[in-house]
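Let's take a walk through this model together. Have the viewer open and follow along as each part comes up.

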Amino acid sequence: MAVRLVVFGRQGAGKGTQCKLLAAHYGAPHISTGDMLREAAASGSDFGRQAKEIMDRGELMPDEIMLGIIKERFGAADVVEHGFLLDGFPRTLAQAEALLNQTTIDVAINIEVPEQVVIDRISSRRVCANGHTYAAGDDAIAGGTCPEDGTEVVQRADDTPDAVAARLATYAAQTLPAVHHLDEAGLLVTVDGLGTPEDVSARLVAAIDERLGH
Ligand code: AMP
């Protein structure tokens with residue numbers, strides 16, 4: 001059975017972690033537009049370099065580009081068969097409107113975490129080249145390398161205090177209208193994002209299953 005889910009949450013709300021768990025639980029492809037853009041940036045292509053500049057400033061990529069990326073991804077066989085879990089899209093009102101015009105959404109989840117908590121979480125976030133995520137000061141990364149794959153563990157360029165403030169402002173100005181649009185369409189469920197990843201995941205699954213009528 002295909003499920004079509006959207007997950008909203010301010011940066012640092014645990015969205016990435018939760019999306020991986022939910023995608024595995026529901027057997028739906030995890031579509032993270034941020035991961036797709038970071039892959040492009042790592043490839044060093046012209047497009048990737050431009051994307052990296054925008055991301056490092058905490059700004060958003062143009063809607064037309066993101067709509068093109070999503071349209072192409074939606075055409076892939078795994079999405080046609082299993083649906084999707086959208087992480088980081090839609091990010092603007094225009095993206096939300098375009099999404100609802102081109103497909104059906106079963107549930108949109110809003111992971112709610114107070115702003116000061118997300119600021120603290122993001123400024124202590126450290127990641128390796130393959131996206132494994134740790135907290136600064138974690139013993140596992142004391143040597144400066146990832147215990148999973150040995151690559152260097154660093155702070156994301158867009159996790160510095162200035163970039164974090166810019167991203168939160170961008171979220172409030174540009175993404176909240178997208179959240180409201182899905183709310184007005186009767187699709188939004190807000191879930192408390194505080195607690196252990198397991199607690200939050202259990203809450204999300206319960207909320208989604210209720211909406212899906214399971
Ligand atoms: P994320 O990992 O979801 O926080 O995304 C990282 C960065 O990629 C964002 O701060 C934006 O610059 C860019 N980005 C990701 N998804 C979108 C989108 N749907 N629209 C515009 N920009 C995006």
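**Around the ligand**

A good place to begin is the ligand, where an oxygen atom sits 3.1 Å from an N or O atom in the side chain of R91. Before going further, please keep in mind that this is a predicted model. How much of the ligand's accessible area does the protein cover? On its own the ligand has 490 Å² of accessible area, and the protein covers 96% of that.

Backbone atoms take part here too. A backbone N or O atom of E59 lies 2.5 Å from a ligand oxygen atom, and for M61 a backbone N or O atom is 3.0 Å from a nitrogen atom of the ligand. If you select everything around the ligand, you should find 16 residues, of which T33, R38, E59, G88 and Q95 come nearest. By character, the shell splits into six nonpolar, four polar and six charged residues. Which element gives the most to this shell? That is helix 2, residues 33-43, which supplies four residues.

Next, turn to the loop between strand 3 and helix 6 (93-102), where P90 has its place. The peptide bond joining F89 and P90 is cis, with omega at about 0°. As background, most peptide bonds are trans, and most residues other than glycine have a negative phi.

**The five-stranded sheet**

Now zoom out to the strands. In general, the strands of a sheet pair through backbone hydrogen bonds, in either a parallel or an antiparallel way. Here, five strands form an open sheet with parallel pairing, in the order 2-3-1-4-8. Its edges are strand 2 (30-32) and strand 8 (188-192), each of which pairs on one side only. From one strand to the next, the twist averages 25°.

To see one of the pairings in detail, look at strand 2 and strand 3 (residues 83-87), which run parallel and are joined by three bridges. In this pair, H30 has L85 of strand 3 as its bridge partner.

Helices lie against this sheet. Helix 1 (residues 15-26) lies across strand 1 (3-9), strand 2, strand 3 and strand 4 (107-112), and runs at about 165° to strand 1. Helix 8 (residues 161-184) also packs on the sheet, where it touches strand 1, strand 4 and strand 8. The direction of helix 8 makes about 145° with that of strand 1.

**The three-stranded sheet**

There is also an open sheet of three strands, with antiparallel pairing and the order 6-5-7. Which strands are at its edges? They are strand 6 and strand 7, each pairing on one side only.

Strand 5 (residues 125-128) pairs with strand 6 (residues 133-135) over three bridges, in the antiparallel sense. You can check the register with R125, which stands opposite A135 in strand 6, and with V127, which stands opposite T133. These two strands form a hairpin with four residues between them. In its turn, G131 has a positive phi of about 90°.

Strand 5 has another antiparallel pairing, with strand 7 (residues 153-154), over two bridges. To find the spot in your viewer, look for C128, which stands opposite V153 in strand 7.

Note on methods. Residues numbered from 1 in each chain as written. Predicted model: local features only at pLDDT ≥ 70, side-chain atom pairs only at ≥ 80, totals over all residues. Heavy atoms only, no water. Pairing = 2+ DSSP bridges. Axes fitted to C-alpha atoms, helices over the stretch in contact; angles between N-to-C directions. Contact = heavy atoms within 4.5 Å. Near = heavy atom within 4 Å. Polar contact = N/O pair within 3.5 Å; in protein donor to acceptor, adjacent residues only side chain to side chain. Areas by Shrake-Rupley, 256 points an atom, 1.4 Å probe, with all protein chains shown as cover. Nonpolar A, V, L, I, M, F, W, Y, C, P; charged D, E, K, R; others polar.
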